[in-house]
Amino acid sequence: MQFVPSYPDKYQGIPEQEIFERIKAAKQKLASKVVILGHHYQRDEVFQFADITGDSLKLSMEAAKRPNADYIVFCGVHFMAETADIVNDGKKFVTLPDATAGCPMADSAKDKDVRRVWSYLQSVIGEFKICPITYINCYASLKAFCGENGGTICTSSNALKVVEWGFKNFDKVFFFPDQHLGRNISKLYGIPKDEILLVNYRKPDLGVTVEQLRKAKVILWNGMCPVHDRFMVEDIFAARIEDPLIQVLVHPEVPEPVADNSDLMGSTEFIIKTVTEAPAGSSWLVATEVHLVGRLIKKFSDKKIKLLGKPICMCSQMDRTTPEHLCWNLESLAEGKVVNRVSVETGIIKWSKIALERMFEITLLNDEANKLSGKSTSAIK
Ligand code: SF4
């Protein structure tokens with residue numbers, strides 16, 4: 001299949017160094033009017049130009065702290081740019097250098113499907129008994145759905161606290177779109193395996209019996225991240241034979257057997273922090289996206305760091321954004337033209353913010369409680 005770039009033809013065939021110089025010049029011209037956000041999974045040629053790097057929520061929150069920036073250029077995927085627009089109340093111009101950069105996990109949960117499943121669950125279980133929780137990797141309309149229905153949002157770093165909150169206030173949790181994150185976290189929270197139920201939204205009865213739904217404590221959507229889903233437990237066993245001292249550090253989007261056989265589990269920020277603080281000479285087997293692991297390997301040459309498994313787990317959607325896209329986006333802004341704007345409807349912003357604010361309250365409350373009890377707040381496992 002031929003790759004068709006989603007930027008104007010005039011940007012094709014320009015030598016890389018020239019593109020880099022033009023990006024720097026456009027950035028300089030825009031000065032504090034623009035802030036470039038770079039997600040950890042971006043390719044190096046793009047990542048190097050980011051003013052702020054991090055995971056999606058951190059990036060959106062940091063961008064909100066730049067009052068002079070009229071433009072937020074989000075080097076990431078579509079739902080992340082939507083989150084930046086929500087956090088900034090739709091008041092800034094948020095752009096996505098490659099408008100086609102999406103997320104298959106977010107795509108697996110369409111608004112109409114989630115609402116249909118929700119109605120069915122309520123008809124079987126009853127109203128006000130289920131807490132809808134969405135992973136932040138979803139479209140804005142689903143964040144709003146959770147806000148409207150008493151639920152909230154979680155990230156990969158606060159998912160355990162959010163699920164705990166869900167069970168304090170409701171009988172059951174409906175978790176979407178990532179089944180792996182939902183399952184790994186529910187197990188850590190202490191929900192027995194036979195009370196965690198995976199449903200198939202494509203089937204009218206969700207592919208399960210009414211009795212199963214009534215018994216379940218956690219109902220999982222059957223979505224997943226195709227990148228993290230590829231990690232295999234056999235590769236952990238092989239690596240441990242080769243190096244018995246190796247420590248296995250995984251992102252919670254990995255499948256259950258990989259999570260169960262890891263030493264530590266946490267968000268991308270947690271993975272970076274753990275490796276950064278590890279002593280020289282320590283060995284690490286890391287299960288997350290290849291661009292991030294590659295940067296850790298380069299930066300910490302005094303530590304033995306390896307990507308888990310033989311297949312290259314690369315997010316092809318994150319990889320879509322090239323220096324040409326960034327150059328086109330910035331040069332357009334420098335000329336006063338906004339290209340590839342991502343904008344969320346006012347009503348959706350309102351309810352999404354309610355869900356987000358609920359999440360912040362839960363996280364802060366838990367952090368305070370954990371400080372008092374001396375518990376760690378960053379690692380999931
Ligand atoms: S790494 Fe997975 S969850 Fe993240 S954007 Fe890519 S496909 Fe989506």
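1. Let me start with proline 177, which counts as buried because its relative accessibility is 0%. This is a predicted model, so please read each point below with that in mind. Proline 177 belongs to the loop between strand E7 (172-176) and H9. The peptide bond leading into proline 177 from phenylalanine 176 is cis, with omega near -10°. That bond deserves a look on screen, as most peptide bonds are trans.

2. The surroundings of proline 177 come next. Leaving aside neighbours within four places in sequence, proline 177 is in contact with Met105, Ser108, Ala109, Thr134, Tyr135, Asn137, Cys138, Trp221, Asn222, Gly223 and Met224. If you would like a long-range distance to check, proline 177 and glutamate 45 are 30 Å apart in space, C-alpha to C-alpha, and 132 residues apart in sequence.

3. Threonine 134 is one of the contacts of proline 177, and I followed it up. Threonine 134 sits in strand E5 (residues 130-135) and counts as buried, because its relative accessibility is 0%. Not counting residues up to four places away in sequence, threonine 134 touches Leu142, Lys143, Cys146, Thr152, Ile153, Cys154, Phe176 and Pro177. Both residues of the cis peptide bond, phenylalanine 176 and proline 177, are therefore among the residues that threonine 134 touches, and threonine 134 is itself buried at 0%.

4. Now to the ligand. Which cavity does the ligand take up? The space taken by the ligand is the largest cavity. Around the ligand are Tyr41, Val77, Cys103, Pro104, Met105, Asn137, Cys225, Pro226, Val227, Glu253, Cys315 and Met318. By class, this shell has 10 nonpolar residues, one polar and one charged. Met105 and Asn137 are among the residues around the ligand, and Met105 and Asn137 are also among the contacts of proline 177.

5. On charged pairs, the salt bridge count comes to 23. One of them joins the side chains of aspartate 44 and lysine 298, at 3.0 Å from N to O. Aspartate 44 lies in helix H2 (residues 44-47) and lysine 298 in helix H14 (residues 290-299), so this pair ties together parts that are 254 residues apart in sequence. Aspartate 44 is partly exposed, with a relative accessibility of 30%, whereas lysine 298 is exposed, with a relative accessible area of 61%.

6. A salt bridge between loops is also worth your time: the side chains of arginine 320 and aspartate 98 meet at 3.4 Å, N to O. Arginine 320 is in the loop between strand E13 (304-307) and helix H15 (323-334), and aspartate 98 is in the loop between strand E4 (93-95) and helix H5 (104-107), so the pair ties together parts 222 residues apart in sequence. Is each partner buried or partly exposed? Arginine 320 is partly exposed, at a relative accessible area of 25%, while aspartate 98 counts as buried at 1%.

7. Aspartate 260 and lysine 187 form a salt bridge too, with their closest N and O atoms 2.9 Å apart. This pair links distant parts of the chain, with aspartate 260 in helix H12 (residues 256-260) and lysine 187 in helix H9 (residues 179-189), 73 residues apart. Aspartate 260 is partly exposed, with a relative accessible area of 43%, and lysine 187 is partly exposed as well, at 24% relative accessibility. Aspartate 260 and lysine 187 belong to a network of salt bridges that links Lys187, Lys193, Glu256 and Asp260.

8. Finally, a word on backbone angles. Most residues other than glycine have a negative phi. Which way does aspartate 89 go, positive or negative? Phi of aspartate 89 is near 55°, a positive value. Aspartate 89 is in the loop between helix H4 (78-87) and E4, and counts as partly exposed because its relative accessibility is 34%.

9. Asparagine 340 calls for a similar look, with a positive phi of about 55° although it is not a glycine. Asparagine 340 is found in the loop between H15 and helix H16 (346-373). With a relative accessibility of 21%, asparagine 340 counts as partly exposed, since the cut-off for buried is under 20%.

Notes
Residues are numbered from 1 along each chain as its sequence is written. This is a predicted model: local features need pLDDT of at least 70, side-chain atom pairs count only at pLDDT 80 or more; totals for chains, interfaces and linings use all residues. Side-chain values use heavy atoms; hydrogens and water are left out. A residue is near a molecule or strand if one of its heavy atoms lies within 4 Å of it. On a 1 Å grid over the protein atoms alone, a cavity is a set of points where a 1.4 Å probe fits but cannot get out, and a pocket is an open set with protein on both sides within 12 Å along at least five of seven lines; lining residues have an atom within 4 Å of a point. A molecule sits in a cavity or pocket if more than half of its atoms lie within 2 Å of its grid points. Ala, Val, Leu, Ile, Met, Phe, Trp, Tyr, Cys and Pro count as nonpolar, Asp, Glu, Lys and Arg as charged, and the others, Gly among them, as polar. Helices (H or I, at least four residues) and strands (E, at least two) are DSSP runs, numbered from the N terminus. Buried means under 20% relative accessible area, exposed over 50%, partly exposed in between (1.4 Å probe, protein chains only). Contact means heavy atoms within 4.5 Å. A salt bridge is a side-chain nitrogen of Lys or Arg within 4 Å of a carboxyl oxygen of Asp or Glu.
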